[in-house]
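Trainee: Please give me a close account of helix packing in this model. I should also like to know how far the prediction can be trusted in the parts you discuss.

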Amino acid sequence: MSNDHAPLYIFNTHVEAEEAIEQLARSGFDVKKLSLVGKGYHSEEHPLGFYTMGDRVKAWGGTGAFWGGIWGLLMAPAVFFLPGLGVVAMAGPFVAALVGALEGAVVVGGISALGAALMEVGANKDQVIKYETALKVDKYVLIVHGNTEDAAKAHEVLLNSKAWKDE
């Protein structure tokens, strides 16, 4: 499911990110080719916990309904504590890239494990800084995995969304 450069989109809120994923799903896009990364937990919305039951993830807390819904659509739900970012929730193929970076203690030229994983999906070093900064200020990063046709279809669907895309 990888390509040389997976398109990444930044959304200001979880509502915008969720709407984009729902738009893609309605268009027939295979949502298993999407990853979403975001802090998602604000001081007044601390998660109390989450658990899995089969393929379903349940969560409690202010954004629990959001992440529970996203985790129901996308594969490989995960929550990590990342230095400099705090608690980061994510789902999709990107989780494997991050786990690989964490397990291999990958830090390239001062890049964090998150940055190394972003580079693995095709972001360059300048883009990594933009995406990490976006996550630090509670934005959401949507990653489209797949081939050139998948990227083009996602771009067409998301063209009028509230996403910011690095061209």
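Mentor: Along the sequence, the elements of the chain follow the order β-α-β-β-β-α-β-β-α-α-α-β-α-β, a total of 6 helices and 8 strands. The model is predicted, and the mean pLDDT of the chain is 78, with 71% of the residues at 70 or more. Confidence reaches its highest mean, 95, in strand S7 (residues 140-144), and its lowest, 44, in strand S3 (residues 49-53). Over residues 42-61 the pLDDT stays under 50, and the model has 28 contacts beyond four places in sequence for this stretch. Where pLDDT is low, the predicted coordinates should not be read in detail.

Two values describe the fold as a whole. Of the 167 residues, 47% count as buried. Among contacts in the chain with a separation of 6 or more, 62% join residues 24 or more positions apart.

I turn now to the helices. Two packed helices are described by the angle between their axes and the distance between the axes.

Consider H3 with H4. Helix H3 spans residues 94-103 and helix H4 residues 113-120; their axes lie 8 Å apart and the packing angle is about 130°. This angle lies over 115 but not over 145 degrees, and H3 and H4 are therefore oblique to each other. H3 passes H4 in a right-handed crossing. On the H3 side the contact is made by Phe-94, Ala-97, Leu-98, Ala-101 and Leu-102, and on the H4 side by Ala-113, Leu-114, Ala-116, Ala-117, Leu-118 and Glu-120. By class, the contact has 10 nonpolar residues, no polar ones and 1 charged. Glu counts as charged, so the charged residue in this contact is Glu-120.

H4 also packs on helix H5 (residues 125-136), at an angle of about 125° and with the axes 9 Å apart. H4 and H5 are therefore oblique to each other, and H4 passes H5 in a right-handed crossing. H4 contributes Leu-114, Gly-115, Leu-118 and Met-119 to the contact, while H5 contributes Lys-125, Val-128, Tyr-131, Glu-132 and Leu-135. These residues divide into 6 nonpolar, 1 polar and 2 charged. Gly is classed as polar and Lys and Glu as charged, so the polar residue is Gly-115 and the charged ones are Lys-125 and Glu-132. Leu-114 and Leu-118 of H4 appear in the contact with H3 and again in the contact with H5.

The next pair joins parts from the two ends of the sequence. Helix H1 (residues 14-26) packs with helix H6 (residues 148-158) at about 120°, the axes being 10 Å apart. That angle makes H1 oblique to H6. H1 passes H6 in a right-handed crossing. The residues that form the contact are Ala-20, Gln-23 and Leu-24 of H1, together with Ala-154, Val-157 and Leu-158 of H6. They comprise 5 nonpolar residues, 1 polar and no charged.

Strand S7 ties into this picture through Ile-143, which is found in that strand. Ile-143 has a relative accessible area of 0%, which is why it counts as buried. Beyond four places in sequence, Ile-143 is in contact with Ala-6, Pro-7, Leu-8, Lys-33, Leu-34, Ser-35, Val-37, Phe-94, Leu-118 and Val-121. Phe-94 and Leu-118 from that list are likewise part of the contact of H3 with H4. Pro-7 lies 136 residues from Ile-143 in sequence, yet their C-alpha atoms are 5.9 Å apart.

Two loop residues complete the account. Asn-12 sits in the loop between strand S1 (8-11) and H1. With a relative accessible area of 41%, Asn-12 is partly exposed. Its contacts, leaving out residues up to four places away in sequence, are Asp-138 and Lys-139. The C-alpha atoms of Asn-12 and Ala-163 are separated by 7.7 Å, although the two residues are 151 apart along the chain.

Asp-138, one of the residues that Asn-12 touches, belongs to the loop between H5 and S7. Its relative accessibility is 23%, above the 20% limit for buried residues, so Asp-138 counts as partly exposed. Asp-138 is not a glycine, but its phi is positive, at about 65°.

Key
Residues are numbered from 1 along each chain as its sequence is written. This is a predicted model: local features need pLDDT of at least 70, side-chain atom pairs count only at pLDDT 80 or more; totals for chains, interfaces and linings use all residues. Side-chain values use heavy atoms; hydrogens and water are left out. pLDDT is the predictor's confidence in each residue, from 0 to 100. Helices (H or I, at least four residues) and strands (E, at least two) are DSSP runs, numbered from the N terminus. Contact means heavy atoms within 4.5 Å. Axes are lines fitted to C-alpha atoms, for helices over the stretch in contact, and angles run from 0 to 180 degrees between N-to-C directions. Angles under 35 degrees count as roughly parallel, over 145 as roughly antiparallel, 65 to 115 as roughly perpendicular and the rest as oblique. A crossing is left-handed if the near helix is turned anticlockwise from the far one by less than a right angle, and right-handed if clockwise. Buried means under 20% relative accessible area, exposed over 50%, partly exposed in between (1.4 Å probe, protein chains only).
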